[in-house]
Amino acid sequence: MLKYPIHQMKMVMTLLSLILSLIILIVVEPDNDPPQKMGDPSVEVTEEMRDAANIEKLKAMNSISQGSLDEAIGQLTEAIMLNPTSAILYAARAGAFVKLNTPNAAIRDANAALEINPDSAKGYKIRGMARAMLGQWEEAANDLHVASKLDYDEEIGLALKKVEPNARKILEHRRKYERLWKEKELKDVERERQRRQAEADREALSAFKDGEVMGIHSISELETKFNAATRTSRLVILYFTATWCGPCRFISPLYTNLASKYAKVVFLKVDIDEARDVAARWNISSVPTIFFIKNGKEVDKVVGADKSALERKIAQHAGQ
């Protein structure tokens, strides 16, 4: 059975840590080699198998100290085959793969170690270093932070100092991109709102005949005009009349002239005998009665054929 002095093993582990710390400075091309051999977790591991696995691990550490990384990988693979339930063995081989600049292989082994032991600090540390080698800065920083919480060492601290600035840059870039994208979305929403508003305004304007008096024959027709006027912020003048009404005949010509004068005001006329439902809705008890409506609400009215009051109030409300 191979035996190595404790101080020699410590030197090997220190050397490994230093090399790993230096390696993560370098971003490498992803390794696309076939996946390495993995152990069968269903195998029942005997005490003899564990002892044999430990011997292979010690051999691997010695090979690493001599720079024989490929040999160390083979020895660690043999150890894993003997004891596939050991997270330590997978983490050790992952570290060797990092030194060989094969980060994807290292990540596979680190994942295997973490499946066996979710609290494997070394599994997180090695995976974080491997991800750094692939330029996966945010993922690397996350793994290294978890490793730090589980079992902090100087190697993790050094790695974080190299990884975190890049991770922050990516985070800041993503936040900036998300902010710009959100601003773009808001602008797109606003443009769409304005487009629909313009379309609705055009549709509303099509309901009017500028400079003319429009007859109303039903409540639904009146509501359509009111909604269109509200959408376009127009003053509505609603004139209730009747063919048999003498004062109505007196004021109607003026009403028509005012419609041509105030082209942006909506002039409506309701014959109370033809549109009884509209007259009932507005509680008409005498004609002529003229209402002034803004945003669907009555703001003034004239009862009777008072020409001066009609002209004055139209000028007043149309100018507001």
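In this predicted model, Tyr239 of strand 2 stands opposite Ile290 in strand 4. Tyr239 also stands opposite Lys269 in strand 3. Strand 2 is mostly covered, with six of its six residues buried. The briefing below treats this strand, the aromatic rings, the disulfide and two lysines.

**Strand 2 and its neighbours**

- Strand 2 comprises residues 236–241, and five bridges join it to strand 4 (residues 289–294) in an antiparallel arrangement.
- Six bridges join strand 2 to strand 3 (residues 266–271), and these two strands run parallel.
- Between strand 2 and strand 3 the chain passes through helix 10 (residues 246–261), and this β-α-β crossover is right-handed.
- In a regular strand, side chains alternate between the two faces of the sheet.
- Both faces of strand 2 are covered: one side carries Val236, Leu238 and Phe240, the other Ile237, Tyr239 and Thr241, and all of them are buried.

**Aromatic pairs and cluster**

- A pair of aromatic rings is described by the distance of the centres and the angle of the planes.
- The structure holds seven aromatic pairs, among them Phe226 with Trp282, an edge-to-face pair with 6.0 Å centre to centre and 70° between the planes.
- Phe226 belongs to helix 9 (residues 219–231) and Trp282 to the loop between helix 11 (276–281) and strand 4, so this pair ties together parts that are 56 residues apart in sequence.
- Phe226 and Trp282 are both buried.
- The rings of Phe240 and Trp282 have centres 6.4 Å apart and planes at 45°; the pair is therefore tilted, since tilted pairs fall between the limits of 30 and 60 degrees.
- This tilted pair links distant parts of the chain, with Phe240 in strand 2 and Trp282 in the loop between helix 11 and strand 4, 42 residues apart.
- Phe240 has 0% relative accessibility and counts as buried.
- Trp282, at 19% relative accessibility, also counts as buried, because the limit for a buried residue is under 20%.
- Phe226, Phe240, Trp282 and Phe291 form one aromatic cluster.

**Disulfide**

- A disulfide is a covalent bond between the sulfur atoms of two cysteines.
- A search of the whole structure finds one disulfide, formed by Cys245 and Cys248 with their sulfur atoms 2.5 Å apart.
- The torsion about the S-S bond of Cys245 and Cys248 is about 75°, so the disulfide is right-handed.
- Cys245 counts as buried at 3% relative accessibility, and Cys248 is buried with a relative accessible area of 1%.

**Two lysines**

- Lys37 lies in the loop between helix 1 (6–23) and helix 2 (47–65).
- With a relative accessible area of 56%, Lys37 is exposed, because a residue counts as exposed over 50%.
- Leaving aside residues up to four places away in sequence, Lys37 touches Thr77, Met81 and Arg93.
- Lys37 and Thr77 are 40 residues apart in sequence, yet their C-alpha atoms are 7.0 Å apart in space.
- Lys307 lies over the face of Phe250, at 4.0 Å from the ring centre.

Terms used
Residues are numbered from 1 along each chain as its sequence is written. This is a predicted model: local features need pLDDT of at least 70, side-chain atom pairs count only at pLDDT 80 or more; totals for chains, interfaces and linings use all residues. Side-chain values use heavy atoms; hydrogens and water are left out. A disulfide is a pair of cysteine sulfur atoms within 2.5 Å. Buried means under 20% relative accessible area, exposed over 50%, partly exposed in between (1.4 Å probe, protein chains only). Helices (H or I, at least four residues) and strands (E, at least two) are DSSP runs, numbered from the N terminus. Contact means heavy atoms within 4.5 Å. Two strands pair if DSSP finds at least two bridges between them. A crossover is right-handed if, with the strands pointing away from the viewer, the path from the first strand over the helix to the second runs clockwise. Rings of Phe, Tyr and Trp (its six-membered ring) pair if their centres lie within 6.5 Å; planes under 30 degrees apart count as stacked, over 60 as edge-to-face and the rest as tilted. A charge sits over a ring if NZ of Lys or CZ of Arg is within 6 Å of the ring centre and within 35 degrees of the ring normal.
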